[in-house]
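Let's take a friendly tour of this model, starting with a pair of helices and moving on to the cores.

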Amino acid sequence: MKFLSLFLQLLLFLSLFLSPQLKLPLSGSLGDIVYAQTTLNPSPSGSEGVLPGEDEWRHKMHSFKMILNELLPYTVNIEAFNAAENAILIQNSVNKLTATSQSLNHRKLSVASDPTISYVAAAFEDNLGSVTENLKKGRRDYGRYLLLNTLSYCIECHTRTNEPPEFFSKLEDASFQKLNPIEQVEYLVAMRHFSNALALIERILEQDLPENLTLGAEKLIQYGLSVSVKFNQDSKKALALIEKIEKAKNVPYFLKKDAAHWKSSVLNWQKFEMKAKKKAKTEPKDILISAEALIKDGSSLNSKNSSLHAGDIYFLRANSMLLQLLKQNLSKEIVAQTLLLVGETYEAMTGNLFWSLHQYYYEACARQLPHSVIAGKCFKKFETSVYSEYSGGSGTYLPTHAAKKIKELKALSR
């Protein structure tokens, strides 16, 4: 199921008509490769290819979707992926994805929408190269793992807002029905069919959750919260979902416990909405203040209840308003502050659906306003996150690429 979740992220990548552009090393130890999947180089490749909005861009995005629909049945099935008769088809599909990615330019979107877009996008291109390298060496299981992890950048990045377009077609019914219910939800979210995804989540919760899906209940619920709170920005839908979680059978106790906190948070949200109608604040500084307050409330709720996700409603609300803010014409200082706060929301929800985005935002923040106080804050958060990622019972192993990145950002933070 984790593999499918990661694979589906590329589908979202297409939904905002985006594509890859971030250069990362393809060789080295396993630790280096894993690090390359969660870290950014300072300067995206900046291909001078097709720009967003052009007819050729849309055509290429449609081609991407067709290739992905072709790959999906093989990638989610280990036997089909490893079958000798499918090897050429799979490699050709990967080659086509790589070629298409190299012809697209994300700079315009990155400037207009979010400075991290070109960083995240370029990781996709280079990791496809690593997939090809491992498939050619006969490491098919690991190649499949890399492919699915490569595609994880897409769902992370492109489920961020509720903006259109949705894809108008989906996987053929025969293939769709082969997916288990949670995988079906992931596919619908990946295709940005948010309303259908939320409806399916609610139907699953209304039934007795099968024992084999109980372990996936957390992810299912997290998708539901993300859709209703972050994408739809709808407190009524969020409350309806949470009430179904409370009534659902076979949902683990810790989720039921968190649901009580989510419900209380949504009720507070609704009170805020009533007040906001009378006096809405839209200035960037006011939005930053509101987001900081939400992050503080979410962190406090987690701390008081010794929970990792009790405060997620607050984090999702803050995340949503901050990502919308990034689309405005802002000063470099405001952009840097916004990137820092977005990073904090994603880090607070790490282990949720956003396992690596915080590092992207901390790095983008440091590069946005180098040699400043805020760059120093972002570097410290980035460094702490990376060391935490590579620390374990046997000590801390810091791959070469990780050490190099820390050194680069440290120089920018002074």
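## Two crossing helices

Helix 13 and helix 14 are oblique to each other, a label for angles outside the ranges under 35 degrees (roughly parallel), over 145 (roughly antiparallel) and 65 to 115 (roughly perpendicular). Helix 13 spans residues 194–206 and helix 14 residues 217–231; they pack at about 135 degrees with axes 10 Å apart. Helices here are DSSP runs (H or I, at least four residues), numbered from the N terminus. Axes are lines fitted to C-alpha atoms over the stretch in contact, with angles from 0 to 180 degrees between N-to-C directions.

On the helix 13 side, the contact (heavy atoms within 4.5 Å) is made by Phe194, Leu198, Ile201, Ile204 and Leu205, and helix 14 brings Leu220, Tyr223, Gly224, Val227, Ser228 and Phe231.

## About the model

This is a predicted model: local features need pLDDT of at least 70 and side-chain atom pairs pLDDT 80 or more, while totals for chains, interfaces and linings use all residues. Residues are numbered from 1 along each chain as its sequence is written, and side-chain values use heavy atoms, leaving out hydrogens and water.

## The cores

The largest nonpolar core (buried Ala, Val, Leu, Ile, Met, Phe, Trp, Tyr and Cys joined through side-chain atoms within 4.5 Å) has 81 residues, with Val185 and Leu205 among those with the most contacts inside it. Beyond neighbours within four places in sequence, Val185 touches residues including Ile201, Ile204, Leu220 and Tyr223. Another core, of 14 residues, lies apart from it and includes Met61 and Leu71.

## Leucine 68

Leucine 68 sits in helix 4 (residues 55–75). Its relative accessible area is 0%, and buried means under 20% (1.4 Å probe, protein chains only).

Technical notes: Buried < 20%, exposed > 50% of the residue type's maximum accessible area, 1.4 Å probe, protein only.
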